[in-house]
Amino acid sequence: MQPSVLQKYGEARLPRYTSYPPSPEFSPAVGFEIYGEWLSRLPRDTPSSLYLHVPFCRSMCWYCGCHTTITAKDQPVVEYLDLLRREIDMVTTQVPQPLRVEHVHFGGGTPTIVAPMDFVALTDLLRDRFGFSAAAEIAIEIDPRTLSIEMAGALGGAGVGRASLGVQSFDPIVQKAVNRIQSEETTIEAVDRLRQSGVESINFDLIYGLPHQTVHSCIDTAKAAAAMRPDRFAVFGYAHVPSFKKHQRMIEEAALPSSAARMEQALAIAETLVNAGYVQIGLDHFALPDDELARAQAAGKLRRNFQGYTTDNCETLIGFGASAIGRTQQGYVQNQVGLGFYAGSISRGELATARGYRLTIEDRLRAEIIERLMCDFEVDVPAVCARHGFNAAELIIGNGKLLELAEDGVVDLAEGVIRVRRDHRFLVRAAAAAFDGCLYRSGRSHSQAA
């Protein structure tokens, strides 16, 4: 890749496009009353996903971009679980009949900070309030450093089938620089505990672009992680936004790699994982060839949502907990981010919705184009427009950003079909951004970057 092209597009702060429009476009115009109306209008037997956010950790990783709170005590977690149960009750009284659940995801924070018995009780409540399909998948995010034998057993007993483990980097210099010390042995032990408890599908998260990180250390981490044979990897670029995440001020900015170095690291990790037998999925995921994610990509059925690349086809997502995002056919909603504000809403008997976004017909069109680019690195714009009743010329002719990408050799454009060139796939978000009607409207960039 030419340095000028990398400098031009690689340094832009662009959304990860796990949704469209991205969350910075949400506004208080969509509040709890509107969300309640949307819930009441959900069609019978709507295939749905559930997301439950647990915003607590035992220690702060300085790279973290999540909404979380540090607590050494269990009482705040116990009190929060009570709020979650009350929110679940409120939501289920709003819907006309139990929703058919296909996927459940516990995110954080550290969801396994919940006591084992309390976690089992929470999953039992979900099964009681919703209609779980026979093939429903329950997934959870895990900090391997704090996973006990008892919690691993509770996860298996509760029906959890997939666990995502934070690895990030095994380089001790990098770990010290981001305040996360985690040995390979600790990670192996966590994987063994999960598999022995019946949690058979394992995902690893890796990060590049961290302070003091090098191509060599990225390769070493990827090799060590691949030797543990997880089913999937998610590989993310560190987003340094200390003005938004104040704990990131603990990171030495001078030790952060340049844009060119970040790309080298990302490509080195990708090459290492592919050489280890993994299939690259979209921009930043990898999976074993027989994993359903790899099969979905091969069949052109790969999707992208707030958890990244996925096989989840549900258009309805119900979010529970502080900062949780949900979606119905009408649009997106997000709960209060602050724990105090979230607790106040639930205590008043109100849904915790703080803001949202009502989707337009054009939003749905742009969302499909962006998702196909992110998943397939190509999209037939006229075909998508025909499905939505739009004229493709309106999106292509006069699209300065798209024409610029074509002139710079990032994409090929022929008869409305856009293909990101193989050696420029690292810049696929720039291609997606050419169809982002919100991004350039106000002459600013979104803060949802990676």
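**A pocket lining and the salt bridges of a predicted model**

Four helices and strands, α1 (3-10), β8 (232-237), α9 (259-275) and α16 (428-433), each contribute at least two residues to the lining of the second largest pocket. The model is a predicted one. Among the contributors, α9 gives the most, with six residues. The space in this second largest pocket amounts to about 970 Å³. Its lining comprises 44 residues, of which Tyr208, Arg262, Ala266, Phe426 and Arg429 are the closest to the pocket centre. By residue class, the lining of the second largest pocket consists of 24 nonpolar, 10 polar and 10 charged residues.

Attention now turns to charged side chains. Side chains of opposite charge can pair when their charged atoms come close. Across the whole structure, a search finds 25 salt bridges. Within helix α7 (residues 184-196), arginine 193 and glutamate 189 are four residues apart and therefore separated by about one helical turn. These two residues form a salt bridge in which the closest N and O atoms are 3.4 Å apart. Glutamate 189 has a relative accessible area of 41% and so counts as partly exposed, since that class lies between 20% and 50%.

Helix α12 offers a pair with the spacing of four residues, about one turn of the helix: glutamate 362 and arginine 366. Their side chains meet in a salt bridge with an N to O distance of 2.9 Å. Glutamate 362 is partly exposed, at 35% relative accessible area, whereas arginine 366 is buried, at 14%. Elsewhere, Glu137, Arg162, Arg232, Asp291 and Glu292 are joined into one network by salt bridges that share partners.

A further salt bridge, 2.8 Å from N to O, links the side chains of arginine 303 and glutamate 371. Because arginine 303 belongs to strand β11 (residues 303-305) and glutamate 371 to helix α12 (residues 361-376), the pair ties together parts that are 68 residues apart in sequence. Glutamate 371 has a relative accessibility of 15% and therefore counts as buried.

Arginine 303 also leads to glutamate 315, as a polar contact of 3.4 Å joins their side chains. Glutamate 315 is situated in the loop between β12 (308-310) and β13 (316-320), and its relative accessibility of 39% places it in the partly exposed class. Leaving aside residues up to four places away in sequence, glutamate 315 touches Pro47, Arg303, Arg327 and Thr328. The C-alpha atom of glutamate 315 is separated by 6.9 Å from that of serine 48, a residue 267 positions away along the chain.

Notes:
Residues numbered from 1 in each chain as written. Predicted model: local features only at pLDDT ≥ 70, side-chain atom pairs only at ≥ 80, totals over all residues. Heavy atoms only, no water. 1 Å grid on protein atoms, 1.4 Å probe; cavity = no way out; pocket = protein on both sides within 12 Å on 5 of 7 lines; lining within 4 Å. Points joined across faces, edges and corners; volume = space filled by probe spheres on them. Nonpolar A, V, L, I, M, F, W, Y, C, P; charged D, E, K, R; others polar. Buried < 20%, exposed > 50% of the residue type's maximum accessible area, 1.4 Å probe, protein only. Contact = heavy atoms within 4.5 Å. Polar contact = N/O pair within 3.5 Å; in protein donor to acceptor, adjacent residues only side chain to side chain. Salt bridge = Lys/Arg side-chain N within 4 Å of Asp/Glu carboxyl O.
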